[in-house]
Amino acid sequence: MVWTGTWVAERLGVELTGDEELTALLGLALRRNPKRAHLLVSSVLGKHVPQHPSVVYGSGLGLGLRVRELLGADEAARAVVLGYAETATALGHAVADGLGTAPYLHSTRRPVAGVATAGGFEESHSHATSHLLLPEDPELLAGNGPLVLVDDEFSTGNTVLNTIRGLHERYPRDRYVVVALVDMRDPADRDRLTRFAEEIGARVDLLSLAAGTVALPAGVLEKGRELVARHEPAPGAAPTPRSRGGYAAVATPVRVDLDWPADLPDGGRHGFTPAHRARLEKALPAMTAALTEALDVNAADTPGGEAPRVLVLGFEELMYAPLRLAGALEDAGLDVRYSTTTRSPVLAVDDPGYAIRTRLVFPAHDDPADGPGERYAYNVAGGGYDAVVAVVDSTADTPELHAPEGLLAQLAAHIPHVVLAVVPSYAPQPRAAVEPVAATESEAIGSEAPERSSMLPEPLRGPAFSSYAPEEVGWLLQDLSDVELEAPTEEREEAIQRGGAHYAESLPVEYQPSARYQELFHAALETSAARIAHAVGTVTETVLAERTGRPVLVSLARAGTPVGVLMRRWAHHRHGLDLPHYAVSIVRGRGIDANALRWLAAHHDPADVVFVDGWTGKGAITRELAAALRESEEFAAFDPEIAVLADPGSCVRTYGTREDFLIPSACLNSTVSGLISRTVLRSDLVGPADFHGAKFYRDLAGADVSNAFLDAVEDRFDEVADTVDTDVKDLLAADRTPTWEGWAAVERISEEYGIHDVNLVKPGVGETTRVLLRRVPWKILAQRGAGADLAHVRLLAEQRGVPVEEVDDLPYTCVGLIHPQYTRGATGADGKAVVSR
């Protein structure tokens with residue numbers, strides 16, 4: 001028999017190595033997902049590949065029995081099982097059944113009105129990442145017995161570690177058991193789990209059916225995208241059936257009344273106890289009889305008189321109830337397979353060596369919280385089924401389900417007998433109504449689960465992400481290092497100005513400076529290090545003087561991050577303070593990363609947070625931050641004031657200087673910012689519960705001067721300390737009210753030069769440098785007589801053929817003008833002339 005991973009392995013170079021059972025348990029397919037090219041397709045999960053229900057249920061049940069043996073009877077009796085939506089919801093149920101006495105909860109992507117959120121977490125590689133925990137009993141996760149976490153595969157361990165970390169902060173316990181069908185971690189990820197367990201002081205065991213590793217060649221994401229593009233069928237193309245015979249008519253779905261027991265949960269979305277399991281077992285025979293009658297298929301009705309083949313098709317997270325119904329039909333003597341619909345977009349290729357042979361596409365039919373979209377059923381068409389039982393919950397029994405392009409119609413086009421079974425969506429009762437309680441206790445039960453945790457991922461830290469030491473900064477970002485985001489400057493400029501793209505949706509190609517330019521950087525650092533140290537000291541001492549408690553520095557990535565690190569170093573050097581420092585993303589026109597703020601609020605007092613940036617230009621980011629915090633009651637406790645190293649635009653109250661001078665960190669890109677890219681915000685990469693993204697340019701390590709810049713400035717701290725103390729006293733007594741004179745100057749320049757768009761006017765040395773490095777510059781305005789501070793600007797302008805125009809009465813040392821009507825090949829495409837409006 002051909003292995004169902006052969007097609008991908010041969011074309012993409014993906015290799016599976018490990019236990020001999022791996023190829024029997026896993027095939028390979030290609031994802032339509034920018035974060036991961038390949039998909040490990042389980043043959044025993046019952047998700048993408050229809051399988052005998054006895055095999056699917058037995059795999060999980062057996063793992064549960066192994067967990068029980070590992071824990072022992074006493075510990076198993078105190079265990080709680082947590083499964084992951086959507087793929088592992090039935091697997092987790094089966095593991096809990098194997099344990100015998102364990103209550104079960106699975107995460108969900110469906111918020112439920114009136115049900116408190118006990119937390120959530122992220123699955124960074126998934127097509128839809130946001131998971132919620134919605135237990136009916138808010139104490140379900142609060143015990144100190146073992147927590148058993150169940151997923152279909154353990155690839156890197158990120159999702160499980162994020163879950164354990166978040167729960168352990170609120171409900172610490174001594175033992176965790178991770179259960180997966182396959183363990184595909186590499187040695188580094190295995191070591192990481194060991195270190196993590198030591199870090200939290202708990203035992204973490206892992207059980208699986210098989211273990212191995214996935215070897216991915218260089219450029220696998222790009223190659224995967226090319227393969228998908230080459231083999232993706234045209235819109236509306238139907239799969240090629242491989243049935244045992246043709247049927248003349250399209251089936252008319254038949255609805256069956258299961259008589260599902262009242263108040264029995266449809267699954268583990270809100271918790272499922274051993275008592276619930278016993279009620280389901282008791283009700284299965286009657287429901288099986290109702291299904292058998294509705295199916296009304298026998299061998300005489302099938303081509304060739306063969307035994308009728310039945311598919312029981314579950315619905316996304318609703319996997320356990322359909323699985324148990326399928327198992328009961330199998331026990332009754334029918335030839336049954338089981339699988340479920342899914343959110344995951346996967347390429348279908350009709351080849352024996354590929355795991356996903358056919359794909360049905362239909363619209364979502366449960367009014368999902370993240371909006372409408374496509375849903376899929378794999379390996380159903382052409383599977384030779386004589387009948388299908390589609391099992392959905394009542395929330396999903398909508399007009400979209402019954403529409404001409406809906407799931408039922410798609411099934412009816414390929415299978416002659418379609419039965420619809422609807423399970424009532426379980427709605428938890430308000431706990432306060434269950435039993436009269438004292439007023440104070442009732443208020444405590446309320447709408448919020450106790451010890452609520454955001455359970456967002458922990459900050460990324462060096463050296464795994466950035467060249468900064470791990471204690472210097474925690475990045476509240478997601479790592480997009482493996483995603484191709486760079487585009488030529490000219491293409492980006494044209495797309496941005498035409499409104500076809502936002503600047504944060506792509507990255508410019510990283511500018512690599514010439515030897516002459518690098519010499520200028522080092523010369524500028526040598527001459528300006530003391531001046532920067534003075535500004536660092538001034539802004540830090542101002543923050544310390546005006547904030548009660550211990551400030552939490554939150555730099556605006558990435559220009560603010562070197563400044564935040566220097567402020568942290570000053571506080572430690574002068575006062576022995578170890579200030580927390582994080583970096584977050586803020587995007588002009590899109591606002592600050594709300595999930596980063598939620599993480600900060602869960603771990604620190606928002607009143608202690610001090611936002612930090614490198615410099616102000618015209619104050620656009622200052623206004624962006626203030627507007628974002630003002631418009632959301634959720635973030636009202638955060639202070640919108642930004643502390644900056646230099647405030648030439650007079651936009652803030654807290655600054656190191658208001659002079660517009662050269663800050664060497666503005667001369668370069670990632671190589672002076674910890675090798676981190678500018679931040680990225682794109683809907684297909686950043687979901688509703690994701691942090692914004694960024695890339696770590698590990699390949700530029702040879703050119704990295706990030707720590708050399710920091711060290712050179714820190715070396716001057718003692719030299720400027722006395723002057724800082726004197727100047728800060730004067731500054732604290734002075735009127736520091738922002739005048740916004742920079743904004744007024746930008747508006748004037750925009751009109752004088754016929755640009756009519758302040759976003760294309762970038763004032764100050766730092767912003768002008770960015771224009772020359774990242775955008776299509778038109779011209780540079782320089783303050784007449786400006787000297788060494790503009791040496792690098794003049795060199796970049798010379799290299800790009802951009803004129804430098806000296807002017808009087810400029811409130812900045814220089815101003816960069818972005819080409820106002822840039823289109824490649826149009827008048828002015830040389831960057832020197834402009835079409836007047």
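Strand β4 (residues 80–83) and β5 pair up in the parallel sense, with three bridges between them. Bear in mind that this is a predicted model, with a mean pLDDT of 84 for the protein and 86% of its residues at 70 or more. Below is a quick tour of the sheet, one enclosed helix, one buried isoleucine and the parts to treat with care.

**The sheet around β4 and β5**
- In the β4–β5 pairing, Gly 83 sits opposite His 106 of β5.
- Both strands belong to an open sheet of six, ordered β1-β10-β9-β8-β4-β5, and its pairing is mixed.
- At the edges you'll find β1 (15–18) and β5 (104–106), each of which pairs on one side only.
- Ignoring direction, neighbouring strands here are turned by 25° against each other on average.
- Helix α7 (residues 187–200) lies across β8 (147–154), β9 (175–183) and β10 (203–215), and runs at about 165° to β10.

**Helix α10**
- This helix covers residues 320–331, so 12 in total, and 11 of those 12 are buried, which leaves α10 largely enclosed by the rest of the structure.
- Among its buried residues are Arg 324 and Glu 330, along with Tyr 320, Pro 322 and Gly 327.
- The cover over the buried residues includes helices α3 (53–71), α5 (89–99) and α9 (274–295), plus strands β12 (309–314), β13 and β16 (387–393).
- From first C-alpha to last, α10 reaches 16 Å, close to the 16 Å expected at 1.5 Å a residue.
- Just after the helix, Gly 333 takes a positive phi of about 105°.

**Ile 356**
- You'll find Ile 356 in the loop between β13 (335–340) and β14 (359–363).
- Its relative accessible area is 0%, so Ile 356 counts as buried.
- Leaving out residues up to four places away in sequence, Ile 356 touches Ala 29, Val 41, His 48, Val 346, Leu 347, Ala 348, Val 349, Tyr 378 and Asn 379.
- One of those partners, Tyr 378, is 22 residues away along the chain, yet the two C-alpha atoms are separated by 6.3 Å.

**Where to trust the model, and where not to**
- Among the elements, β13 has the highest mean pLDDT, 98, while helix α13 (residues 439–445) has the lowest, 27.
- Over residues 431–454 the pLDDT is below 50, although the model gives this stretch 30 contacts beyond near neighbours in sequence.
- Residues 122–129 also stay under 50, and there the model has 33 contacts beyond four places in sequence.
- Where pLDDT is low, don't read the predicted coordinates in detail.

Notes: Residues numbered from 1 in each chain as written. Predicted model: local features only at pLDDT ≥ 70, side-chain atom pairs only at ≥ 80, totals over all residues. Heavy atoms only, no water. Helix = DSSP H or I, 4+ residues; strand = E, 2+ residues; numbered from the N terminus. Buried < 20%, exposed > 50% of the residue type's maximum accessible area, 1.4 Å probe, protein only. Contact = heavy atoms within 4.5 Å. Expected span 1.5 Å × (residues − 1). pLDDT = per-residue confidence, 0-100. Pairing = 2+ DSSP bridges. Axes fitted to C-alpha atoms, helices over the stretch in contact; angles between N-to-C directions.
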